[in-house]
Amino acid sequence: GSDGLALLGSAPSAPSCPHGPALLFVKTSQGKEEGRRFYACSACRDRKDCNFFQWEDEKVSEARLAAREEYNRSHQPSFTHRQNVDRYKNFILLPLSKRRFCQECQQLLLPAEWEKHSDHQFLCDISTAQLKSPSQLLYPLENKKTNAQYLFADRSCQFLLNLLIDLGFRRVLSVGTPRLHEMIQSKASQEDFGVRSLLLDIDFRYSQFYTEDEFCHYNMFNHHFFGGEAAHETCRKFLYEESGERVIMVTDPPFGGLVEALASSFKKLMAMWKETEKEGQDNKEMPMFWIFPYFFESRILDFFPSFSMMDYQVDYDNHALYKHGKTGRRQSPVRIFTNLTPSMIVLPEEEGYRFCTVCQRYVSSGNQHCEICNSCTSKDGRRWKHCVLCKKCVKPSWFHCNNCNCCTLQKHSCKKTDAGCFVCGKAGHKRNACPSLSRT
């Protein structure tokens, strides 16, 4: 429908910005044919964060290409991953009193570098425990769309890990889930813990704490490994172990991210796993948990028809809204989407989840089985109600509007009314789709 941008996907000849190959978009507007196609940064939806832009049909001069290469190079991190691994080895040999972390540069400091950072804020006496929990040492990059670093609350992280262990997984491909990776790593350093994790994340700061077998700098919006072929190979090898058995991918993307860009990357990771497989399992998919808000359910199922949504509410430490145990509208909207059989996903009864024998899955306590729909229909933890006219269950706060011919909020502007747009007064569109608004 309405005006906006459509993602056309990744093109083999796409130009690159500091975040890897750009994605191809087209401007769409209602009733008109497609607009001009252009490339923009895959990771940053906000031009303030990365202003890369190029028309698809634009001829770019040699000079501008060279300047762009130089710009991309200068915007890469100051140390390579290998250098960071060596620095870490030196860092842990230091006595506690000499272990400093620069908060402004988000960097572990060796004594020779103190002078250079003398006017910066730093933390002293960095303990081994702190080094094992980098997600708590680093400050979260809360740019909502690219690095929405809302980190799993301990309760959710522990639940996920126990679930993975109970399901018999031994390897976790952690895509944008640093907390889960960290929890697995710290347990693995204790004895007889049989699960390993590989973290794929766009936040290069993690390369200071993890070896090349534990972390790959990765952009999940364009499936780009910044470490090139070697990093790609690390990931492939990780998936390949035990002939691809007992590995699961867990991902927690920024909620502002483009679902189709994410789905495309996840399919490529799944395809990478598929190459590892032995004969005779040709229709199997790599097991996956995609953690995302419930209102994206239809979008995710468009791309992954084999997925279903679990009722478990995932909550976050540093997110004001997404906290467990709040009631009504304040509950976390974040769920687990998975291609595993729903009945296998056991949810904690002490948190009010129960098993519905008809649906063959665990549901939240407020989720009542609707006899007419023949399923547990609530998506948000509240008890939903069935509307005979809509032939489906709807949110408890909605009412059937005969004018709109559907259920909606009591206070709403009817689709049928002639009241026009707030901006230009014309009928047929809402304020946010008004053509007279210029949109980036």
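The exercises below concern salt bridges in a predicted model, and each is followed by a worked solution.

**Exercise 1.** Find how many salt bridges a search of the whole structure gives, and state how far apart the closest N and O atoms are in the one between glutamate 351 and arginine 155.

*Solution.* The search of the whole structure yields 20 salt bridges. In the pair formed by glutamate 351 and arginine 155, the closest N and O atoms are 2.8 Å apart. This pair links distant parts of the chain, since glutamate 351 sits in the loop between strand E17 (334-338) and strand E18 (354-356), while arginine 155 belongs to helix H5 (residues 154-166), 196 residues apart.

**Exercise 2.** Decide whether glutamate 297 and lysine 379, which form a salt bridge, are buried, partly exposed or exposed.

*Solution.* The closest N and O atoms of this pair are 2.8 Å apart. Lysine 379 lies in the loop between strand E21 (375-376) and strand E22 (385-387) and glutamate 297 in helix H9 (residues 297-303), so the salt bridge ties together parts that are 82 residues apart in sequence. Buried means under 20% relative accessible area and exposed means over 50%. Glutamate 297, with a relative accessible area of 17%, is therefore buried, whereas lysine 379, with 26%, is partly exposed.

**Exercise 3.** Classify the accessibility of arginine 246 and glutamate 242, whose side chains meet in a salt bridge.

*Solution.* The N to O distance in this salt bridge is 3.2 Å. Arginine 246 has 37% relative accessibility and so counts as partly exposed, and glutamate 242, at 39%, likewise counts as partly exposed.

Note on methods: Residues are numbered from 1 along each chain as its sequence is written. This is a predicted model: local features need pLDDT of at least 70, side-chain atom pairs count only at pLDDT 80 or more; totals for chains, interfaces and linings use all residues. Side-chain values use heavy atoms; hydrogens and water are left out. A salt bridge is a side-chain nitrogen of Lys or Arg within 4 Å of a carboxyl oxygen of Asp or Glu. Helices (H or I, at least four residues) and strands (E, at least two) are DSSP runs, numbered from the N terminus. Buried means under 20% relative accessible area, exposed over 50%, partly exposed in between (1.4 Å probe, protein chains only).
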